[in-house]
Amino acid sequence: MSGYALLSLGYEITFSLLNPDPKSHDLHWDIEGAVKGYIQPLLDKLTPIANFSVDSQILYYAILGVSPRHDASIDGYTLSADSLPHVINPVEARLGSNAASSFPVLNFLLYVPDAPHSPLYIRDHSGKTVPTNAFHSPRWGGIMVFNVQEHYGEEPRFPVHINIDMVRVMGVFLAQLRLLLGIQQVQAPPGFLLQSPGNEGVTDWELDRLLWARTAENIATATTTLTSLAQLLEEIGNIVINDNIAEQVYSAVVSLQLAVAELEAGNLAFAFQASKEAILSSERAFFDPSLLHLLYFPDDQKFAIYIPLFLPMSVPILLSLLKIAGEYRKRRSERVKTD
Amino acid sequence: RKLSVTRKMAACRCAVILLVVLIWGDFSLAPAESKRPEADAPPQPARDAADSFVKTEVPGAHDDGVPAQAGEEPVLGEAETLQPREPEPRPQDEFQEELVIRPLLSGDIYSSFQFRTRWDTDLLHQGKKVSHYRLFPKSLGQVISKFSVRELHISFTQGYWRTLQWGQPFLPAPPGAELWVWFQDSVTDVDGAWKELTNVLSGIFCASLNFIDSTNTVQPSASFKPLGIGNVTDQRFLRYAVLPREIVCTENLTPWKKLLPCGSKAGLAVLLKSEKLFHSSFHSQAVHIRPVCQDGQCSRTSWELRQTLSVVFDLYASGQNKKEWSLFKMFSRTLTEPCPLASSSKVYVDVTDNPQGELFELSPATSTLSQAVVLGDRRTYSVYDLRDPESFGILRSLNVLLKWKGQDNGDMLRPLLHAERYVGGYGLQTGDIHTLIYNHHPFRAFPVLLLETVPWYLRLYIHTLSVTSKGHENKPSYIHYQPSKDRLRPHLLEMLLQLPPNSVTKVTVQFERALLKWTEYTPDPNHGFYVGSSVLSALVPSVVAMDTNSTNDRPLFSSFFPCLEESGYFMRVYTEPLLVNLPTPDFSMPYNVICLTCTVVAVGYGSLYNLLTRTFQVEEPSGGMAKRLANTIRRLRGVPLL
């Protein structure tokens with residue numbers, strides 16, 4: 001399950017072109033056409049699963065977090081696999097998430113190395129150069145390094161005008177997107193052929209598998225949420241549950257039961273819808289602001305406030321009670337003695 | 001550009017594949033769902049080529065099951081002729097940056113940066129959502145699209161602009177944070193959009209704009225007309241709010257710099273270092289977004305984003321009392337290169353008062369002079385063009401140096417329009433607000449629109465409003481007053497006043513201070529409560545004919561306010577904010593009450609109870625103190641008592 005993006009009802013997919021050296025490279029990419037031709041068919045096919053929106057930006061003077069090492073054998077620079085986790089951090093500050101929506105973002109960065117550090121290759125753990133020069137990080141996105149030194153020509157006059165080959169780039173990004181959305185790679189058993197994905201990039205059986213996995217996870221998450229809500233109510237007895245929260249809980253339970261029934265019957269689409277409703281209702285019930293723990297008066301706080309007021313008052317009462325009890329016992333023992 | 005033959009073929013092959021795939025991609029996309037099964041029909045080889053591209057390029061992807069096609073040969077077989085590459089689309093956005101340095105006669109120096117990004121697109125087009133950004137920052141583009149904003153103006157200012165000492169600013173701004181927004185007329189719930197917009201902007205600029213709510217938002221009816229093009233003038237779509245208490249610091253400067261295409265790494269933005277910028281008398285940074293015309297006939301519109309930063313360095317605080325200014329002294333940096341993405345990058349120095357070099361000396365010398373009409377006056381500027389590599393000289397850095405000669409200051413021309421405001425009265429119950437508006441023009445009278453926003457806890461008595469000029473009553477020709485509602489909305493007073501020439505106009509209104517609920521006070525209530533600046537908008541007569549054609553090539557600082565007529569220019573003046581003390585309760589009283597009650601209950605109840613329930617018995621008088629002490633010692637020793 002590595003590379004599996006966290007379940008969400010929508011995703012923002014952002015393509016960023018990082019140009020650390022605009023004085024040397026004048027980059028142009030036809031991202032609009034590439035998205036329309038490559039990414040949009042895949043997203044259209046995945047519409048039953050989630051809402052997608054795509055945008056792109058170009059960031060200038062964006063540098064990677066690590067400085068690459070020069071390798072004389074290939075006459076280039078390399079990034080080792082151990083340094084890859086540190087690459088993302090300084091760039092992340094500039095990427096930004098969508099200011100206007102709360103869906104998680106999948107970032108796809110295309111990095112064109114600056115002229116002093118061209119060409120740049122990525123090495124995997126065994127030390128071999130990765131053929132696609134790209135890597136991805138689960139739940140975050142992918143980065144591809146695009147070397148442009150072959151566009152320089154004989155006597156390059158900076159800035160060099162470069163058109164980025166979107167076919168190669170989109171091929172890599174499409175594969176990374178499939179992995180990030182949870183479409184897993186499967187090994188076909190020997191003697192069997194896997195169906196080609198076609199223009200949309202995902203086959204029907206892969207889509208079904210994704211739906212099934214998402215439905216199962218939705219059901220599990222909704223069940224856990226409702227269970228924790230019940231446990232919370234047991235612990236803090238004096239939480240007031242409003243009617244609308246109760247309604248949400250009931251509808252969540254109904255949707256859960258429907259989702260399980262539909263799954264058993266094999267109707268994936270209806271099951272997914274039901275599980276989506278279940279998880280929405282359960283989240284709304286659990287995260288309602290009226291359930292905040294701090295709004296309620298726990299018992300130990302009650303003692304802490306009333307004891308300083310009542311204890312000094314009760315001390316003379318207790319003492320006199322004790323004296324009365326002592327006198328009563330003495331009187332009784334005297335009566336016994338006289339008897 | 002010379003490419004070798006094999007490279008050329010590879011490039012053409014790539015172009016062909018891209019072209020073919022895009023065309024077939026279009027065919028399969030354009031029709032609706034009903035045609036989807038037909039999408040499988042188009043020729044196989046091209047799509048399989050794309051698929052095998054997808055399959056073979058993926059790291060770790062295994063194509064054991066799929067017969068891996070070579071991918072390139074079938075496509076070449078299909079397309080006999082090598083088609084030419086598609087022509088590059090012309091870049092639709094451009095970026096300009098400029099810096100204007102104006103030495104002031106008091107020895108201070110005023111620098112104003114402007115960064116303008118113009119994007120020829122329609123961000124609010126209903127059909128196609130704009131989502132591919134280049135120079136225009138993505139966060140602002142998404143904000144405009146989501147909230148259907150037509151114009152957005154936000155400014156953060158620290159310090160107050162002293163008009164009498166410094167003259168008129170290019171871009172006026174009130175102290176604190178000011179935000180005014182025109183929404184499109186397609187917005188149905190303007191209040192909801194305004195609330196969400198302020199919260200999103202406070203996240204983008206790291207400022208506490210979430211304090212903007214209905215108690216400090218107004219809808220001015222005449223003052224803040226749109227600065228860009230457009231025909232929506234219904235004030236229901238305008239919202240204006242000011243937070244006078246907002247502090248500006250490095251935390252606000254950093255996200256502001258992030259919006260620039262070159263960031264702070266190249267161009268004029270390298271000078272923006274916070275340790276020097278905030279050590280100044282006046283610092284103001286702003287973002288202005290508005291639609292503008294692309295050409296003279298205004299057939300198409302484009303979006304303009306202007307980021308401006310104005311700073312005034314003080315002679316004594318930053319200048320160490322030496323009348324010599326340079327870029328290095330002001331910003332602790334020099335300029336080394338222009339921003340590669342900018343189509344123009346210039347530094348202007350105002351040399352109007354120095355035609356023969358008798359007031360100050362400017363180095364490095366430049367022969368480029370340009371004249372511009374700004375603020376109703378024709379000024380001369382020395383221009384340094386950063387895109388010309390000779391500007392940087394041998395050292396490859398440009399450090400503009402201004403050295404003053406002589407000690408006499410010279411007299412600055414008095415600004416035509418000037419305003420002051422203060423609170424009068426005594427005590428904590430009543431008071432009055434006085435606004436003085438000065439018209440220093442010798443013979444021309446002109447109208448001025450005064451906008452005052454007063455919080456609800458200063459209850460204005462509008463029947464005491466009086467406007468006098470030169471001792472006589474001056475009746476405003478237009479008054480718009482919206483009374484306040486407690487805890488809901490503030491007072492809004494707009495008046496159109498005719499200012500007689502060479503006069504002082506006094507506007508006075510009395511108010512009463514309200515007692516707030518004890519949770520509504522700020523943590524430091526004895527500091528006082530701020531009342532936002534008043535805004536005066538006026539069309540001031542100018543001595544020089546203004547240029548009304550907005551698409552002429554002009555420096556950015558002279559083209560900010562639109563010019564609609566030749567004889568006057570638009571000016572906005574902000575008064576001081578007021579600091580008013582409200583009657584403050586004693587906040588330690590709850591603690592005092594609790595302590596007193598507990599003490600009374602604990603001590604008083606106990607003794608009262610004992611008094612009421614104790615029975616008294618007669619006791620023999622015991623001996624003196626010595627006898628008692630001896631008895632105690634004997635008891636301890638176990639010896640019979642005395």
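This is a short chat about strand pairing and salt bridges in the model above.

Tutor: Keep in mind that this is a predicted model: local features need pLDDT of at least 70, side-chain atom pairs count only at pLDDT 80 or more, and totals for chains, interfaces and linings use all residues. Residues are numbered from 1 along each chain as its sequence is written, chains are lettered from A and ligands numbered from 1 in the order written, and side-chain values use heavy atoms, with hydrogens and water left out.

Student: Why is the contact between Lys45(A) and Asp204(A) called a salt bridge?

Tutor: The term asks for a side-chain nitrogen of Lys or Arg within 4 Å of a carboxyl oxygen of Asp or Glu. Here the closest N and O atoms are 2.8 Å apart, so the pair qualifies.

Student: What makes this pair tie together separate parts of chain A?

Tutor: Lys45(A) lies in helix H1 (residues 31–45) and Asp204(A) in helix H4 (residues 204–235), so the pair links parts 159 residues apart in sequence. Helices (H or I, at least four residues) and strands (E, at least two) are DSSP runs, numbered from the N terminus.

Student: How do you know whether Lys45(A) is buried or exposed?

Tutor: Buried means under 20% relative accessible area, exposed over 50%, and partly exposed in between (1.4 Å probe, protein chains only). Lys45(A) has 13%, so it's buried. Asp204(A) has 48%, so that one is partly exposed.

Student: What makes Glu520(B) and Arg487(B) a salt bridge?

Tutor: Their closest N and O atoms are 2.5 Å apart, so the cut-off is met. Glu520(B) sits in the loop between E22 and strand E23 (529–531), and Arg487(B) in the loop between strand E20 (478–482) and strand E21 (491–499), so the pair ties together parts 33 residues apart in sequence. Glu520(B), at 29%, is partly exposed, and Arg487(B), at 31%, is too.

Student: Which residues do salt bridges with shared partners join into one network?

Tutor: Arg116(B), Arg290(B), Glu304(B) and Arg306(B). Within that network, Arg306(B) bridges Glu304(B) at 3.1 Å between the closest N and O atoms, and both residues are buried.

Student: Why are E16 and E22 of chain B called paired strands?

Tutor: Pairing needs at least two bridges found by DSSP between the strands. E16 (residues 430–439) and E22 (residues 503–513) have 10 and run antiparallel, so they pair. Asp432(B), for instance, has Gln510(B) in E22(B) as its bridge partner.

Student: What joins E18 of chain B to E22(B)?

Tutor: 8 bridges, again antiparallel, connect E18 (residues 458–469) to E22(B), so these two pair as well. Arg459(B) stands opposite Glu512(B) there.
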